[in-house]
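Colleague: Please take a close look at one part of this structure, starting with how its strands pair, and then follow the packing outward from there. Keep the account plain, as I am new to reading structures.

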Amino acid sequence: MVDHYFLNNDKTVFLGEHAPRLQYFSDSRFSQTEMPRPMHRHEDLFEINYIEEGCGRHFIDGRIYLSHPGDVLIYNQGVLHEDSAHEKNNVHMFGLGIENLHLEGLPDGCLLPADALMKIPCSLRAPQVRRLFLGIGEQVRRQKKAQPEVASMFAASILLLVRELAISQEQTEQTKEAQLAQRISAYIDEHFSEEISLETLEWEFKVSKYHIAHLFSRQIGYSPIQYLQRRRIGEAQTRLVFTDQKVIDIAQDVGFHSSSYFTRTFTKIVGMSPVVYREISSKSY
């Protein structure tokens, strides 16, 4: 069951022409076997939902999010989305439809960039966000002349608060990514002479190899395999200059089973073969 309460925004008293306007408030309850509305999009409307009870499953712009009480879901204008209950439970959520949303640096109708996470855990701020949603529900149910302005002000407050939480979440996620990338690079530094693949890193860090590949490239500037190759070649350079080891032995010691592949990789990264590098470097040192 979904109850929508539409507002008349023809006239406004307190809000400027560029301020967001609340178009509707919804109070939705549904189970796994019910779907209020299948896959759809709103070309001229931004939506935001607050999970009051239950656990939801949300498809938003190509990603799946699992929600819990206190979470907020963001639906930028024009994105394809669908909401349903997760497993055998009922979901109770409040929703807002907002028009005239304009933020600097973002397309119209967008609260967050397209690549941002669209599920925001409100955590300690959940009671505050919840009170604002409940306040909007109270205002729109009164159906008095001045209530649309009050409800729109509450809605604007929610947008500002959730945007603040989203920025904080993004910074936290970036910090977590940086820490994980550092742990991965430290592991490669220590085990570079061993067999290392994305599957190895997935097993070691209990994180999807696809996620590892993307976050490592973002944080380090190289893919994990590129970093591994450069680490091996760097070690080989040191041994070529400061030891008398044969090239074939150095190749095996740093993790290459094929001396020809070692030479090709070394030449590609350094710009000359291992033999030439040793000759030139020995004169310098």
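**Strands, cores and helices**

Modeller: Strand S4 (residues 56–60) is paired with S5 through five bridges, and the two strands run in the antiparallel sense. Keep in mind that this is a predicted model. Within this pairing, His58 has Tyr65 in S5 as its bridge partner. S4 and S5 belong to an open sheet of three strands, in the order S5-S4-S7, with antiparallel pairing. Strand S5 (63–67) and strand S7 (81–85) form the edges; each has a single partner strand, so one side of each has no neighbour in the sheet. On average, and with direction ignored, neighbouring strands of this sheet are turned by 15 degrees against each other.

Next comes S6, the strand to examine most closely. Five of its five residues are buried, so to speak of S6 as mostly covered is fair; the cut-off for buried is under 20% relative accessible area. In a regular strand, side chains alternate between the two faces of the sheet. In S6, Asp71, Leu73 and Tyr75 point one way, Val72 and Ile74 point the other way, and all are buried.

S6 has pairings with S3 and with S9. S3 pairs with S6 over four bridges, in the antiparallel sense. In that pairing, Asn49 stands opposite Leu73 in S6. S6 also pairs with strand S9 (residues 119–121), again in the antiparallel sense, over three bridges. Here Leu73 has Lys119 in S9 as its bridge partner. Leu73 can therefore be followed in two directions, as it stands opposite Asn49 and is the bridge partner of Lys119, while its side chain points the way of Asp71 and Tyr75.

Ile74 is a good residue from which to leave the strand. Leaving aside residues up to four places away in sequence, Ile74 touches Phe46, Glu47, Ile48, Ile60, Leu111, Leu112, Met118, Ile120 and Val162. Ile74 is also listed, with Ile48, Val72, Leu96 and Ile136, among the residues with the most contacts inside the largest nonpolar core, which has 41 residues. At least two residues of this core come from each of S2, strand S3 (46–53), strand S6 (71–75), S8, helix H1 (126–142) and helix H2 (147–191). H2 gives the most, with eight residues. There is also a second, separate core of 26 residues, which includes Val207, Ile233, Leu240 and Tyr277.

Among the contributors to the largest core is S2. Seven of the ten residues of strand S2 (residues 21–30) are buried, so the rest of the structure largely encloses this strand. S2 runs antiparallel to strand S8 (residues 91–99), and nine bridges join the two. One position in this pairing is Ser28, which stands opposite Met93 in S8.

The helices H1 and H2 supply the core as well, and they also pack against each other. Two packed helices are described by the angle between their axes and the distance between the axes. The axes of H1 and H2 come within 9 Å and cross at roughly 160 degrees. Angles over 145 degrees count as roughly antiparallel, so H1 is roughly antiparallel to H2. Their crossing is left-handed. On the H1 side, the contact is made by Gln128, Val129, Leu132, Phe133, Gly135, Ile136, Gln139, Val140 and Arg142; on the H2 side, by Gln147, Val150, Ala151, Phe154, Ala155, Ser157, Ile158 and Leu161.

Helix H2 also holds Glu177. Glu177 has a relative accessible area of 16%, and therefore counts as buried. Leaving out residues up to four places away in sequence, Glu177 touches His211, Leu215, Arg218 and Gln219. For a sense of scale, Glu177 and Ala85 lie 92 residues apart in sequence and 30 Å apart in space, C-alpha to C-alpha.

A further helix pair is H3 with H4. Helix H3 (residues 198–205) packs against helix H4 (residues 209–220) at an angle of about 100 degrees, and their axes are 9 Å apart. H3 and H4 are therefore roughly perpendicular to each other. Leu198, Glu199, Leu201 and Glu202 of H3 make this contact with Lys209, Ile212 and Ala213 of H4.

The last stop is Gln229, in helix H5 (residues 224–242). Its relative accessibility is 12%, so Gln229 counts as buried. With residues up to four places away in sequence left out, Gln229 touches Phe256, Tyr261, Thr265 and Ile269.

Conventions
Residues numbered from 1 in each chain as written. Predicted model: local features only at pLDDT ≥ 70, side-chain atom pairs only at ≥ 80, totals over all residues. Heavy atoms only, no water. Buried < 20%, exposed > 50% of the residue type's maximum accessible area, 1.4 Å probe, protein only. Pairing = 2+ DSSP bridges. Core = buried A, V, L, I, M, F, W, Y, C linked by side-chain atoms within 4.5 Å. Contact = heavy atoms within 4.5 Å. Axes fitted to C-alpha atoms, helices over the stretch in contact; angles between N-to-C directions. Parallel < 35°, antiparallel > 145°, perpendicular 65-115°, else oblique. Left-handed = near helix turned anticlockwise from the far one by under 90°.
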